[in-house]
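Grab a pencil and open the viewer. Try each exercise yourself before you read its solution.

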Amino acid sequence: MTQGGAKAPLGSLKGDRAFQRLRKGRSGRGRLVSVRWLPRTEGVAVGIVVSKKVGKAVVRNKVRRRIREILKRLHLPPADLLVIAQPEAREAGFVELARDLFLALKRSGLVQ
């Protein structure tokens with residue numbers, strides 16, 4: 001992870017078709033999140049799924065904001081990326097969530 005500096009812009013996955021396509025993607029899992037990704041020609045498009053099992057809207061949005069900020073700080077190769085938060089993510093701090101997300105990305109083969 002980088003410290004400070006310029007942040008990479010993240011696109012958003014739009015539409016059901018983009019999410020369905022990622023079912024065929026490579027996957028990795030941590031305790032707090034699981035990821036799926038497929039290569040892309042340029043840029044990073046991200047979809048973040050935080051179900052109601054994680055908590056009420058305020059909690060879900062907090063987890064979603066943290067995940068998006070962590071991804072902005074990483075130098076990711078061009079890919080369509082899906083991040084699914086587990087219910088345990090609600091109690092995790094920023095650093096713990098960052099470590100787990102990086103571990104899941106490493107297990108999936110997206111980062112070294």
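The exercises below go from the overall fold to the core and then to the charged residues.

This is a predicted model, in which local features need pLDDT of at least 70 and side-chain atom pairs count only at pLDDT 80 or more, while totals for chains, interfaces and linings use all residues. Residues are numbered from 1 along each chain as its sequence is written, and side-chain values use heavy atoms, with hydrogens and water left out.

**Exercise 1. The overall fold**

Work out the order of helices and strands along the sequence, then check how compact the protein is.

*Solution.*
Step 1: Start with the elements, which are DSSP runs numbered from the N terminus (helices are H or I with at least four residues, strands are E with at least two). You should find three helices and five strands.
Step 2: Reading along the sequence gives β-α-β-β-β-α-β-α.
Step 3: Now the radius of gyration, taken over C-alpha atoms, against the globule rule of 2.2 Å times the number of residues to the power 0.38. The protein comes out at 13 Å, close to the 13 Å that the rule gives for 112 residues, so it is as compact as a globular protein of that length.
Step 4: Look at the contacts (heavy atoms within 4.5 Å). Among those with a separation of 6 or more, 79% join residues 24 or more positions apart.

**Exercise 2. The nonpolar core**

Find the residues of the largest nonpolar core that touch the most other members, and say which elements feed this core.

*Solution.*
Step 1: Get the terms straight. Buried means under 20% relative accessible area, exposed over 50%, and partly exposed in between (1.4 Å probe, protein chains only). A nonpolar core is a set of buried Ala, Val, Leu, Ile, Met, Phe, Trp, Tyr and Cys residues joined through side-chain atoms within 4.5 Å.
Step 2: The largest core has 29 residues, and Ile 67, Leu 71, Leu 76, Leu 81, Leu 101 and Leu 105 touch the most other members.
Step 3: Two or more residues come from each of β3 (33-39), β4 (44-50), α2 (57-73), β5 (79-85) and α3 (94-108). The biggest share, five residues, is from α3.
Step 4: There is also a second, separate core of six residues, including Leu 13, Leu 38, Ala 45 and Leu 82.
Step 5: Zoom in on Leu 81. Leaving aside neighbours within four places in sequence, its contacts include Leu 13, Trp 37, Leu 71, Leu 76 and Leu 105.

**Exercise 3. Salt bridges**

How many salt bridges does the whole structure have, and which parts of the chain does the Asp 80 pair link?

*Solution.*
Step 1: Search for a side-chain nitrogen of Lys or Arg within 4 Å of a carboxyl oxygen of Asp or Glu. The search finds five salt bridges.
Step 2: One joins Asp 80 to Arg 21, with the closest N and O atoms 2.3 Å apart. Asp 80 is in strand β5 and Arg 21 in helix α1 (residues 15-21), 59 residues apart.
Step 3: Check exposure. Asp 80 is buried at 8% relative accessibility, whereas Arg 21 is partly exposed at 38%.
Step 4: Arg 40 joins in too, as Arg 21, Arg 40 and Asp 80 are linked in a network of salt bridges.
Step 5: Another bridge pairs Arg 31 with Glu 96, at 2.5 Å between the closest N and O atoms. Arg 31 lies in the loop between β2 (26-29) and β3 and Glu 96 in helix α3, so this pair ties together parts that are 65 residues apart in sequence.
Step 6: For a local bridge, try Arg 73 and Glu 69, at 3.1 Å. Both lie in helix α2, four residues apart, about one turn of the helix.

**Exercise 4. Two arginines**

Is Arg 60 buried or exposed, and where is Arg 90 found?

*Solution.*
Step 1: Arg 60, in helix α2, is buried yet has no salt bridge; the nearest side chain of opposite charge (Lys and Arg count as positive, Asp and Glu as negative; His and the chain ends are not counted) is Glu 91, 14 Å away.
Step 2: The Arg 60 side chain reaches the backbone oxygen of Gly 55 at 2.8 Å.
Step 3: Arg 90 is in the loop between β5 and α3 and is partly exposed, at 38% relative accessibility.
Step 4: Gly 55 turns up again here: the C-alpha atoms of Arg 90 and Gly 55 are separated by 7.1 Å, though the two are 35 residues apart along the chain.

Methods
Polar contact = N/O pair within 3.5 Å; in protein donor to acceptor, adjacent residues only side chain to side chain.
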